[in-house]
Amino acid sequence: MRNTILLVSLPILFVLALNCLEVEAQVCRPSGKIIGKKPPHGKCNTEDDSDCCFKGKIYTTYKCSPQVSSHTKAVLTLNSFEKGGDGGGPSECDKKYHSDDRPIVALSTGWFNRKSRCLNNITISANGRSVVAMVVDECDSTMGCDEVHDYQPPCADNIVDASRAVWEALGVPKNDWGYMDITWADA
Ligand SMILES: *[C@@H]1O[C@H](CO)[C@@H](O)[C@H](O)[C@H]1NC(C)=O
């Protein structure tokens with residue numbers, strides 16, 4: 001009986017372990033590609049310099065993100081988590097909209113790690129400053145160019161997509177908001 005349980009559970013444990021490895025891989029390789037569709041007229045919110053998908057353009061997708069460390073390298077981008085903002089629907093973690101005056105972020109799929117960081121805080125560092133921000137959403141690296149994703153391309157595998165409060169706390173002049181190299185760690 002006990003052997004049977006072992007025989008049955010070992011492969012399951014193995015698959016679980018493999019899945020974990022896949023999510024935060026040392027090196028994250030693309031998982032596929034999607035071909036962009038033209039957003040319907042008036043769709044795709046370009047506020048915060050968001051990209052809209054182009055018809056026929058090929059976008060790379062990822063199911064993983066680079067391994068997390070005490071100073072994980074990432075690209076900080078700007079997002080609105082408010083209703084009607086460029087973030088699309090409500091946040092994945094709590095199905096709510098959030099004020100951009102709060103330091104909150106969305107993480108690339110691998111780092112979001114199937115909601116495991118939901119409502120946890122991360123410390124973001126850049127410019128000799130740091131800010132603690134709460135994870136409320138996923139920056140989907142696996143899909144994009146559809147209504148759910150506001151007709152924006154899939155995220156890269158290394159994105160911390162942040163509210164304006166994060167950019168302000170890091171002391172970045174408003175004209176420079178958009179893309180910036182940062183490091184982050186679990187707080
Ligand atoms: C994250 O920070 C917020 C704001 O400081 C706090 O309310 C919340 O409890 C923190 N979350 C966790 C999981 O510690």
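In the predicted model, strand β5 (residues 72–78) runs antiparallel to strand β10 (residues 179–186), and the pairing extends over six bridges. Within this pairing, Val75 is placed opposite Asp181 of β10. Strand β10 also pairs with strand β7 (residues 121–126), again in the antiparallel sense, here over four bridges. Ile122 faces Asp186 of β10 in that second pairing. Strand β10 is thus described by two antiparallel partners, β5 and β7. In general, side chains in a regular strand alternate between the two faces of the sheet.

Strand β10 also contributes to the aromatic contacts of the model. One aromatic pair is present in the structure. The ring centres of Trp111 and Trp184 are separated by 5.2 Å and the ring planes meet at 70°; because an angle over 60 degrees counts as edge-to-face, the pair is assigned to that class. Trp111 belongs to helix α2 (residues 109–112) and Trp184 to strand β10, so the contact ties together parts of the chain that lie 73 residues apart in sequence. Trp111 and Trp184 are both buried.

The covalent cross-links were examined next. A search of the whole structure yields five disulfides. With the bonded cysteines counted along the chain, the connectivity follows the pattern 1-5, 2-3, 4-9, 6-7, 8-10. Three of the links are described below.

The disulfide between Cys44 and Cys52 has its sulfur atoms 1.9 Å apart. The torsion about this S-S bond is about -100°, so the disulfide of Cys44 and Cys52 is left-handed. Cys44 has a relative accessible area of 11% and is buried. Cys52, at 19%, is buried as well, because the criterion is a relative accessible area under 20%.

Cys53 is bonded to Cys145, with an S to S distance of 2.0 Å. Distant parts of the chain are linked by this pair: Cys53 is located in the loop between β2 (32–35) and β3, whereas Cys145 is located in the loop between β8 (129–139) and β9 (159–162), 92 residues apart. A value of -85° about the S-S bond makes the link of Cys53 and Cys145 left-handed. Cys53 is buried, its relative accessible area being 4%, and Cys145 is likewise buried, with a value of 1%.

The sulfur atoms of Cys93 and Cys118 lie 2.0 Å apart and form a further disulfide. Cys93 is in the loop between β5 and β6 (104–108), and Cys118 is in the loop between α2 and β7; the pair links distant parts of the chain, 25 residues apart. For the bond of Cys93 and Cys118, the value about S-S is -85°, and the link is left-handed. Cys93 counts as buried at 17% relative accessibility, and Cys118 is buried with a relative accessible area of 17%.

Another cysteine, Cys28, occupies the loop between β1 (24–25) and β2. Its relative accessibility of 13% places Cys28 among the buried residues. In sequence, Cys28 and Cys64 are 36 residues apart, while their C-alpha atoms are 5.6 Å apart in space. When residues up to four places away in sequence are not counted, Cys28 touches Tyr62, Cys64, Ser65, Pro66 and Asp157.

Thr61 is situated in strand β3 (residues 58–61). With a relative accessibility of 5%, Thr61 is counted as buried. Residues up to four places away in sequence being left aside, the contacts of Thr61 include Pro30, Ser31, Gly32, Lys33 and Ile34. Thr61 also touches Ser141, Thr142, Met143 and Pro154.

The surroundings of the ligand consist of Leu119, Asn120, Asn121 and Met134. Leu119 presents a polar backbone atom at 3.4 Å from a nitrogen atom of the ligand. In Asn121, a polar side-chain atom is found 2.5 Å from an oxygen atom of the ligand. The ligand is therefore within the 3.5 Å limit for a polar contact at both Leu119 and Asn121.

Methods: Residues numbered from 1 in each chain as written. Predicted model: local features only at pLDDT ≥ 70, side-chain atom pairs only at ≥ 80, totals over all residues. Heavy atoms only, no water. Pairing = 2+ DSSP bridges. Phe/Tyr/Trp six-rings, centres within 6.5 Å; stacked < 30°, edge-to-face > 60°. Buried < 20%, exposed > 50% of the residue type's maximum accessible area, 1.4 Å probe, protein only. Contact = heavy atoms within 4.5 Å. Disulfide = S-S within 2.5 Å. Near = heavy atom within 4 Å. Polar contact = N/O pair within 3.5 Å; in protein donor to acceptor, adjacent residues only side chain to side chain.
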